[in-house]
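Please look over the structure shown here, with attention to how its strands are arranged and what lies across them.

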Amino acid sequence: MSPAIDETRRTIQAAAPAGTQPLLSVSGLTISFRQRGQALEAVRDVSFDIGPGEFVGVVGESGSGKSVTALAVMGLLDPRITQVTGSALLAGKDLLTLGAQELRRTRGRDVGMVFQEPMTALDPVFTVGHQLTETLHAHEKISRRAARERAVEMLAAVGIPDPKLRYSAYPHQLSGGLRQRAMIAIALCCNPRLLIADEPTTAVDVTIQAQLLELLQTLRRERGTSILLITHDIGVIAESCDRMMTMYAGEIVETGPVGDVLENPAHPYTIGLLGAQPSLLTRGKPLTTVPGRLPRQEERTSGCLFEPRCPAALERCARDRQELIELGSAHTARCWRTHDLIGHTTAGGAR
């Protein structure tokens, strides 16, 4: 962990008064998709909080429900085929109950989102500058000249070189790293209190990845922006976040401060993800793998959803669903063998 990031964490924690209310509080979020006359659960009973200026990461395989959760919070799922229950309070306002017009006013102004693939999220027929100023005009009474000046300033703020030139560029004229920065600029141009970043480092090399993560840290340090980072890379979580959540098959299976979870993982899935992460300590050795695959929605049962892939499963795991168990210091895990496994680097054990 870099000293700059560690210092940012201490600064944010010191600035937050004791007992500060969370900026975003998601409770009992359940998402179902209607297919062939039946409702299939994609996300089940997800609850979490994000404090002011906090950097929270969500990690898990593709299909674990990370992006769907974010899209539900943003009100971007098609209501004709989805059913969303629970609540998502942003500064006390439930995003899940807002009408279409109020949602449009909230998105971009109060909460911004960096979508997973910038080449498809950015409109190819409009310049980057047009897409920035369009967002500004949608939320603020601002002249065309002032909007252009603000857009150029925002492009410069996210580290895009020669921002006046890039203002007139089309998305295909920018590299992957610059497109990601442009997406961040659009998401932040109205200074939202919460930024949701969905896989912002997936399609870029490690150098650009480090620059983007440092950019997010700078933005939250200077603007006080809360950040929800969605990723499949547990190394990105370790480098950037204050707290983390591990999601599997639409459920949160472990959550807590990053240091606690990574040093003392308490769920077999988190342990498996850590074992599959390359490091200097495992150089020259084969990485461990998590066997099997995620269950399809129609295959999900009332028991532990990870049980078919778990080397530490017990007989009761197949039939009984465990609730999140408190382990101290806001560290929780959803496993019948949590206290046996905590701190282990491999999830061994017999059925």
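**Sheet layout**

In this predicted model, an open sheet of 4 strands follows the order S2-S1-S4-S5, with antiparallel pairing. Its edge strands, each pairing on one side only, are S2 (38-50) and S5 (93-94). Strands (E, at least two residues) and helices (H or I, at least four) are DSSP runs, numbered from the N terminus, and two strands pair if DSSP finds at least two bridges between them.

**Pairing of S1 with S2**
- S1 and S2 run antiparallel and are paired over 9 bridges, with Leu-24 standing opposite Ile-50 in S2.
- The two strands S1 and S2 form a hairpin that leaves 2 residues between them, and Arg-36 in the turn has a positive phi of about 55°.

**Pairing through S4**
- S1 is joined to S4 by 8 bridges in the antiparallel sense, and the bridge partner of Leu-24 in S4 is Leu-90.
- S4 (residues 82-90) pairs with S5 over 2 bridges, again antiparallel, and Leu-90 has Lys-93 as its bridge partner in S5.

**Helix across the sheet**
- Helix H2 (residues 66-74) lies across S1 (24-35), S2 and S4, and runs at about 105° to S1; contact means heavy atoms within 4.5 Å, while axes are lines fitted to C-alpha atoms, for helices over the stretch in contact, with angles from 0 to 180 degrees between N-to-C directions.

**Basis of the values**
- Residues are numbered from 1 along each chain as its sequence is written, and side-chain values use heavy atoms, with hydrogens and water left out.
- Local features need pLDDT of at least 70 and side-chain atom pairs count only at pLDDT 80 or more, whereas totals for chains, interfaces and linings use all residues.
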